[in-house]
Amino acid sequence: MKRIGLIDIGSNTIRLVIFECSDETGLNELQNIKTPARLSQYLTEDKVMTEEGIEILSETLYSFKKVAMKFNVDELVPAATAAVRQSNNLNEIKEKVKTKTGLDIEVIPDEDEAFYGFFAATHTLNIQNGITVDIGGGSTEITHFENKKLMNAVSFPFGVVTLQKMFFEGKNHNDKNAIKKCEKYVKDQFESEKWIKNKELPIIGIGGSARNNARIHQSLHNYPIAGVHGYDMNKKGLEEVFDVLKKSDKNDLKDLDGLSRDRVDIIMPSSIVFNTLFEVVDATEFSFSRKGLREGLVMTILKEDFSKAFNKDNVATDALKYLANEYNINPSNGRQRVKLAETLLNKVMEINDITISESDKSLFKDAAYLYYLGSFIDADSSSQHTYYIIANSSINGLSHKERVKLALLASFKNKTLLKFYAKETNWFKTNEIDQIQKLGGLIKFAHALNVSNTDCVDSLTLTESKDEYVLEVQYVTDPIAEQYQSERQKKHIEKLLPKKLNIKFTQD
């Protein structure tokens, strides 16, 4: 296990994030605090950071260093981006910070900043080909990747703070002329890089500005589950947020759900950037990554020590493994449920006309492994806790709809509760609910065949006789609890068979 404290010295905010990493749990965030330092405001026209700016930076780093020490970090990395990188008195800044805090600032080159955002997004989302955009206070990084391999990258010398100063200073955030000029400037900048145009790929938004745009859209639609990682919007959704910002006055923005108060004056430039980029790329959708520069930088620092923790081709599988470990799922018991559930599914599919997609089959097996993980909190309400935990956890590699479907399967108790949970989102049609009920019932029955957690069942055989189907359960150790529970739960299998089910336990 290793702990790293990363101080992200941005042009708009300075943020301390403390990460902990292990082979069992992957990368986890232990602490996340920020201050809106707005360092780019302390750059003169000659790109020299003023004494006041250096003092604010030094004081913030000193405070964050004391917090990091309380968490016993193994390494503390102060990483600076555009505002410090663009300063012509960079050496002076580094020397004064070193004197006052004892910290050596690591300045991230613009091409590396783009790479770290790409690295984090491709290692935490299941998108093979796309465009990433990370707009900070003083720069905007864009990358293009294919099969999760970086193809192109660029850093533009403008961000939300610089755009605000260039076009909106002394004006309202929704000044029509300022918006028009900003849109033209941004579009010209993007079109100067030929590889960005007409890519017809999904765009992945990274960073605080993207997160705020997503949260505003979620609040406009009373979005029922937590998190923006993996959240998707179409062109209409982006335009909807843009229209709300244009129609709102400054006081309205302060009370706009989803918008952080320290971003009220800079949210409009970010919306312009995202909408303009969508148009230039001719994008298919706009997705959001909760993971960006900070995570990408930390992952690259840790990947030598924890090589198995960061596999871009195994994103969802790794994320679910870490979730299972967090809630103390016994690996042997989890694999036993998967084996039994998959065996039952295959046998039922041979008899009945049930079709299931490969993605749904994968979710089915994952749900069997994670079944009733909420019992870690309380056994009597394990179904409710299981649904809430999975539906509202940020699970890398899964879309939000996939996440909720997994939650419905892994928490299945009965038809009534299933419909109650599903009503929260209203994302599933009647035929989808019916299939989730069937698959959830199979998982529940598989759980009954290992309710003692002793892995006593060795194999299953399903045969047809004149009046019934016979499920022969071969066991290796005493299955007294399994015999009782399987009889109670066999109704879930009988719903998928044209005849009654007779369960016979035989010793292997």
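**View 1. The lining of the second largest pocket, sorted by residue type.** In this predicted model, the residues that line the second largest pocket fall into 6 nonpolar, 10 polar and 7 charged. The space in this pocket comes to about 410 Å³, and its lining is made up of 23 residues, among which Tyr372, Lys413, Lys444, Gln485 and Gln489 lie nearest the centre. Two or more lining residues come from each of helix H15 (382–391), helix H18 (430–448), helix H19 (480–489) and helix H20 (491–494), and the largest share, 4 residues, is supplied by H18.

**View 2. The largest pocket and the elements around it.** The largest pocket holds about 890 Å³ of space, and of the 32 residues lining the largest pocket, those closest to its centre are Leu27, Asn28, Lys291, Ser394 and Asn396. Strand S3, helix H11 and helix H12 (315–326) each contribute at least two residues to this lining, with H12 giving the most, namely 6 residues. Sorted by type, the lining of the largest pocket consists of 13 nonpolar, 12 polar and 7 charged residues.

**View 3. An open sheet of 5 strands and its edges.** The strands of this open sheet follow the order S3-S2-S1-S4-S5, and their pairing is mixed. Strand S3 (26–35) and strand S5 (106–107) each have a single partner strand and stand at the edges, so one side of each is left without a neighbour in the sheet. Helix H11 (residues 293–302) packs on the sheet, where it touches S1, S2, S3 and strand S4 (75–80), and the direction of H11 makes about 140° with that of S1.

**View 4. The antiparallel pair S1 and S2.** Strand S1 (residues 2–9) and strand S2 (residues 14–22) run antiparallel and are joined by 8 bridges. For a reader who wishes to follow one of these pairings along the chain, arginine 3 has glutamate 20 in S2 as its bridge partner.

**View 5. The stretch annotated in UniProt.** In an unreviewed entry, UniProt lists residues 24–303 under the name "domain: Ppx/GppA phosphatase N-terminal". Over residues 24–303 of the model, the chain is 46% helix and 18% strand, and the C-alpha atoms at the two ends of this stretch are 14 Å apart.

Methods: Residues numbered from 1 in each chain as written. Predicted model: local features only at pLDDT ≥ 70, side-chain atom pairs only at ≥ 80, totals over all residues. Heavy atoms only, no water. Pairing = 2+ DSSP bridges. Contact = heavy atoms within 4.5 Å. Axes fitted to C-alpha atoms, helices over the stretch in contact; angles between N-to-C directions. 1 Å grid on protein atoms, 1.4 Å probe; cavity = no way out; pocket = protein on both sides within 12 Å on 5 of 7 lines; lining within 4 Å. Points joined across faces, edges and corners; volume = space filled by probe spheres on them. Nonpolar A, V, L, I, M, F, W, Y, C, P; charged D, E, K, R; others polar. UniProt positions renumbered as here; feature names shortened; annotations may be inferred.
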